[in-house]
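Colleague: Could you walk me through this one? I would like to hear how you get to each answer.

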Amino acid sequence: MKPMKSVLAGVLTAFVSTGAFAGVESQDPIKITTHDWTGQIVTTTIMGEVLKKAGYNIEYVQADYIAQFAGLKTGDLHVAMEIWETTGRDAMDEAFATGKVVNMGETGMEAIEEWWYPAYMEEVCPGLPDWKALNDCAQEFSTPETEPLGRYLGGPVTWGGYDDERVEALGMDFEVVHAGTDAALFAELESAYQRKAPIVLWLYSPHWAPAKYKGSFVQFPPYTPECYNDPAWGSNPDSAYDCGKPTGPIWKVAWEGVEKKWPGAAKAIKAFKVSNADMGDMVGKVDLDGAKIEDVVAEWMKANEAEWSSWIK
């Protein structure tokens, strides 16, 4: 996997628009956020390239996944193309309640983000995928740094997800260790998988990893909104987050002024759709095959011209 900083640098160099355009509502740049995982940059770049085809001036702004909502509320940022139901719902709801950020609809992708383990771990922890088995087998997942606790490799802290809170609420004998980057997360999975070393970590879909590696998501108590909002709900009457993560759509959101200032662009953003299968394929080409994001996006656009052209008609 390429370091995300270099990938971002290449994308920003290749795709930031600089000229003034005619025939659009405003020549001011539409500022679309990019984050620290390949799929989100692919999604954002597709949208940006389509809007450029319609004559809009596009600027990509690297931003923190959750903290970006501050900029979306003020209009310093304009569009975020991937807010996952699994980890972004609380931030979305808070932003929508202000009236400054609006929902631009589903991306067409369905999200899963959860604890995951390789199939070979069932030999040493046969109670899996039930989450309760992890406590019985915590020693099997431990490292010298976490022993006697098991080690759970979480995503970067900026992704949210309440893993630390869940471990405490469910009384799990695990320590959450956050990966520094998306690339580091999957590099560690690859290393462990090749050695059949113990690992349980954050995995998500759409992504190439669930197809490449044989394994399963851990089954926690099913998510309900009450689990996150009402400590009395669930097995621990004193703590929230004693359940699994939600699943559901990946959303597009925008500053409330986008539709007024760039109505044509807003229409296209709402129309944007891409499938889990297409996204997994594109991310794999970048992360596994070493392709450039701009080349992968160009290939997708060539193959799907009738689809994206309809967004800007």
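Modeller: Happy to; we will go through helix packing, disulfides and a few backbone details in this predicted model.

Colleague: Let's begin with the helices. How do α2 and α13 lie to each other: roughly parallel, roughly antiparallel, roughly perpendicular or oblique?

Modeller: Helix α2 covers residues 38-53 and helix α13 covers residues 293-303. Their axes come within 10 Å and cross at roughly 60 degrees. An angle of 65 to 115 would count as roughly perpendicular and one under 35 as roughly parallel. The crossing of α2 and α13 therefore counts as oblique.

Colleague: And what is the handedness of the crossing of α2 and α13?

Modeller: Helix α2 brings Thr38, Ile41, Val42, Thr45, Ile46, Glu49, Val50 and Lys53 to the contact. From α13 come Ile293, Val297, Trp300 and Met301. As for the handedness, the crossing of α2 and α13 is right-handed.

Colleague: By class, which residues does the contact of α2 with α13 have?

Modeller: On the α2 side, the residues include Thr38, Glu49 and Lys53. On the α13 side, Trp300 and Met301 are among them. By class, the contact of α2 with α13 has two charged residues, two polar ones and eight nonpolar ones.

Colleague: Thr43 caught my eye as well. Is Thr43 buried or exposed?

Modeller: Thr43 sits in helix α2. Leaving out residues up to four places away in sequence, Thr43 touches Met81, Glu82, Met109, Phe272 and Met279. Its relative accessibility is 0%, so Thr43 counts as buried.

Colleague: Helix α13 also packs with α12. At what angle do α12 and α13 pack?

Modeller: Helix α12 takes in residues 276-287, and its axis is 9 Å from that of α13. Their crossing is right-handed. The angle at which α12 and α13 pack is about 145 degrees.

Colleague: How many charged residues does the contact of α12 with α13 have?

Modeller: Asp278, Met282, Lys285 and Val286 make the contact from α12, while Ile293, Val296, Glu299 and Trp300 make it from α13. By class, the contact of α12 with α13 has five nonpolar residues and no polar ones, and the charged residues number three.

Colleague: Glu299 is in that contact. Is Glu299 buried, partly exposed or exposed?

Modeller: Glu299 has its place in helix α13, and it is part of the contact with α12. Buried would need under 20% relative accessible area, and exposed over 50%. At 45% relative accessibility, Glu299 therefore counts as partly exposed.

Colleague: On to the cysteines. What pattern do the disulfides of the protein follow?

Modeller: The structure holds two disulfides. One joins Cys125 to Cys137, and Cys227 and Cys243 form another. Counting bonded cysteines along the chain, the pattern is 1-2, 3-4.

Colleague: Is the disulfide of Cys125 and Cys137 right-handed or left-handed?

Modeller: The S to S distance in this pair is 2.3 Å. Cys125, at 0% relative accessibility, counts as buried, and so does Cys137 at 10%. The torsion about their S-S bond is about 95 degrees, so the disulfide is right-handed.

Colleague: And the disulfide of Cys227 and Cys243: right-handed or left-handed?

Modeller: The sulfur atoms of Cys227 and Cys243 are 2.1 Å apart, and both residues are buried. The torsion about their S-S bond is about -110 degrees, so this disulfide is left-handed.

Colleague: What is the peptide bond from Leu128 to Pro129, cis or trans?

Modeller: Pro129 has its place in the loop between β4 and α5. Omega for the bond from Leu128 is near 15 degrees, and the peptide bond is cis.

Colleague: What is omega for the bond that joins Ser205 and Pro206?

Modeller: Pro206 is found in the loop between β7 (201-205) and α8 (209-212). The peptide bond joining Ser205 and Pro206 is cis, with omega about 15 degrees.

Colleague: One last point: is Tyr241 buried or exposed?

Modeller: Tyr241 belongs to the loop between α9 and β9. Its phi is near 70 degrees, a positive value in a residue other than glycine. With a relative accessible area of 17%, Tyr241 is buried.

Notes:
Residues numbered from 1 in each chain as written. Predicted model: local features only at pLDDT ≥ 70, side-chain atom pairs only at ≥ 80, totals over all residues. Heavy atoms only, no water. Axes fitted to C-alpha atoms, helices over the stretch in contact; angles between N-to-C directions. Helix = DSSP H or I, 4+ residues; strand = E, 2+ residues; numbered from the N terminus. Parallel < 35°, antiparallel > 145°, perpendicular 65-115°, else oblique. Left-handed = near helix turned anticlockwise from the far one by under 90°. Contact = heavy atoms within 4.5 Å. Nonpolar A, V, L, I, M, F, W, Y, C, P; charged D, E, K, R; others polar. Disulfide = S-S within 2.5 Å. Buried < 20%, exposed > 50% of the residue type's maximum accessible area, 1.4 Å probe, protein only.
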